[in-house]
There are 2 protein chains.
Amino acid sequence: MKDLKESKSIQTVSVVGTGNVAWHLSKALHEAGIRIVSIISRSGIRAKEMAELTGASALTDLADNTSLPDLLLLCVSDDAIPHVASQYRYYKGLIAHTSAATGLDVFTQSQGPSGVFYPLQTFSIIKEMDYKSIPFFIEASSEESATLLAGLAEKISGRWHYLGSESRLMLHVSAVFASNFSNHMATIAQSILKDAGLEFDLLRPLLEQTTEKIKELSPTDAQTGPAIREDMKILETHLKALANKPDEQKIYKLLTNSIIKYKHKHE
Amino acid sequence: MKDLKESKSIQTVSVVGTGNVAWHLSKALHEAGIRIVSIISRSGIRAKEMAELTGASALTDLADNTSLPDLLLLCVSDDAIPHVASQYRYYKGLIAHTSAATGLDVFTQSQGPSGVFYPLQTFSIIKEMDYKSIPFFIEASSEESATLLAGLAEKISGRWHYLGSESRLMLHVSAVFASNFSNHMATIAQSILKDAGLEFDLLRPLLEQTTEKIKELSPTDAQTGPAIREDMKILETHLKALANKPDEQKIYKLLTNSIIKYKHKHE
């Protein structure tokens, strides 16, 4: 790969989409000194808000741009990428999507340079975030495009890696477990507490320590609780306590068995 | 309940057991200025180490104590509590266990005052921890004993609540989801990454942000990912990617369905 400093860099970006990723990446790029020339979207309200925030124009079509951007960044849902990519099949500039689960090959119809610019993070519109914490995973149709996208990530967070489509998919699957499913465990905990008339706040010190531990330990070493100890008495008491919550009881059983299986696999 | 300041307080404690909870509570009590008079255990090595650390004697039987402690604290596994409690059925001093899933009624044979002193935290022996972050959940056979135990928790962390056996059990079940199961999600993520030749470290910024978010948002509001969006295309791609990991695939399916169910329950 080329040295980042030797290559030209991306100065202007048009963002397609207005979802959580579009919102936060526009903001992140804007704050990193990149000019967002346009926010392209068919639905107007959110696009206008984003455009105001970043000094961009809110457009419904790229053709309305007065000049072409250095990068056309598709921040649309995975379902929409094939359609949007095909809409831009005659586009000759650098085009990239931001999806983990979509291959670079979605751009095969395109004749211009293409890439993937995937930010591994959990984006909620209502939560301010530190963009320096986002690692980007980059793939591109040419070395030059890869270097350009890496240069962009360098400006936002300084954290980036080149990664092919297959590895990116497995990274995404692992992220669903580590982030989405783990957050859902907190949701279930909150629901159990609520039904017992208890506040979720009681768990906060435990939640913090749980994360704190895996900053230093591998999650395998950090595992505690009745499942890893195979404490059958507690496990039975807990399953009984969940008797009137069959869905949560099923999850409790499956995850307990999984913890025990993993333990014996690693012994 | 009595005002803590009006009542006498616990000055000396004997700890029964040498597991992770015994280890950390002995240390926490010692650091809070409580005198650990003895560590009582049949297996010697760990008891000696704990005794040295806290200035206590390592004993195999409470009867070897020269004077009785203000509190006899049973930090043994749930399985062992009934047996150990019955061993001390003639003991007249304050006795308490530290288990979430065992009722106060395990002490019915005892004629002395009894209680529960449950620290809600994930204890690993290899990890240093800040004892100020531990909330204690207290139950006792009398108001006086409850106040004494609260006074002890006040010295360690200042965080304590009175809670009955049934609520404590549900709190524990919720903690298993929020901490043990959530840590297991990270373990599965690590295993998926490993098989793909990727480092667990790549997920660290995501893990941190996942916890960071639920400091401000309720876990329901913090949920992101393909399941909550019901993005069927990604969900199918992920299930296919897990084709040669049937256990993880089963967990993926069950938790995805659960996220979708919870979403519609709350709509």
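Visitor: Which elements of chain B do the buried residues of α4(B) pack against?

Guide: In this predicted model, the buried residues of α4(B) pack against one helix, α1 (20-31), and against the strands β4 (71-74), β5 (94-97), β6 (114-119), β7 (136-140) and β8 (160-162) of chain B.

Visitor: What makes α4(B) largely enclosed by the rest of the structure?

Guide: A residue is called buried when its relative accessible area is under 20%, and ten of the 14 residues of α4(B) are buried, so the helix is largely enclosed by the rest of the structure. Those buried residues include an unbroken run from Ser145(B), Ala146(B), Thr147(B) and Leu148(B) through Leu149(B), Ala150(B), Gly151(B), Leu152(B) and Ala153(B), and Ile156(B) is buried as well.

Visitor: How do you know that the reach of α4(B) is close to what is expected?

Guide: The expected span is 1.5 Å times one less than the number of residues; for the 14 residues of α4(B), at positions 143-156, this comes to 20 Å, and the helix reaches 20 Å from its first C-alpha to its last, so the two agree closely. After the helix comes Gly158(B), whose phi is positive, near 75°.

Visitor: Why is the pair Asp247(A) and Lys261(B) called a salt bridge?

Guide: The rule asks for a side-chain nitrogen of Lys or Arg within 4 Å of a carboxyl oxygen of Asp or Glu, and because the closest N and O atoms of Asp247(A) and Lys261(B) are 2.9 Å apart, the pair satisfies it. Across the interface of chain A and chain B the rule finds two salt bridges, while 33 residue pairs, both members at pLDDT 80 or more, are in polar contact between these chains.

Visitor: Which elements of chain A give two or more residues to the side that touches chain B?

Guide: They are α5 (165-195), α6 (204-216), α7 (219-222), α8 (232-241) and α9 (246-265) of chain A, and the largest share, 26 residues, comes from α5(A). By class, the residues on this side of chain A divide into 46 nonpolar, 29 polar and 18 charged.

Visitor: How many residues of each chain are in contact, and what area do the chains bury between them?

Guide: With heavy atoms within 4.5 Å as the criterion, 93 residues of chain A are in contact with 93 residues of chain B. The two chains bury about 8900 Å² between them, of which 68% lies on carbon and sulfur atoms.

Visitor: What share of chain A counts as buried?

Guide: Of its 267 residues, 59% count as buried, in a chain whose secondary structure comes to nine helices and eight strands.

Definitions and conventions:
Residues are numbered from 1 along each chain as its sequence is written. Chains are lettered from A and ligands numbered from 1 in the order in which they are written. This is a predicted model: local features need pLDDT of at least 70, side-chain atom pairs count only at pLDDT 80 or more; totals for chains, interfaces and linings use all residues. Side-chain values use heavy atoms; hydrogens and water are left out. Helices (H or I, at least four residues) and strands (E, at least two) are DSSP runs, numbered from the N terminus. Buried means under 20% relative accessible area, exposed over 50%, partly exposed in between (1.4 Å probe, protein chains only). Buried area is the accessible area (1.4 Å probe) that two parts lose on being put together, summed over both. A polar contact is a pair of N or O atoms within 3.5 Å; within protein, one must be able to donate a hydrogen and the other to accept it, and residues adjacent in sequence count only if both atoms are side-chain atoms. Ala, Val, Leu, Ile, Met, Phe, Trp, Tyr, Cys and Pro count as nonpolar, Asp, Glu, Lys and Arg as charged, and the others, Gly among them, as polar.
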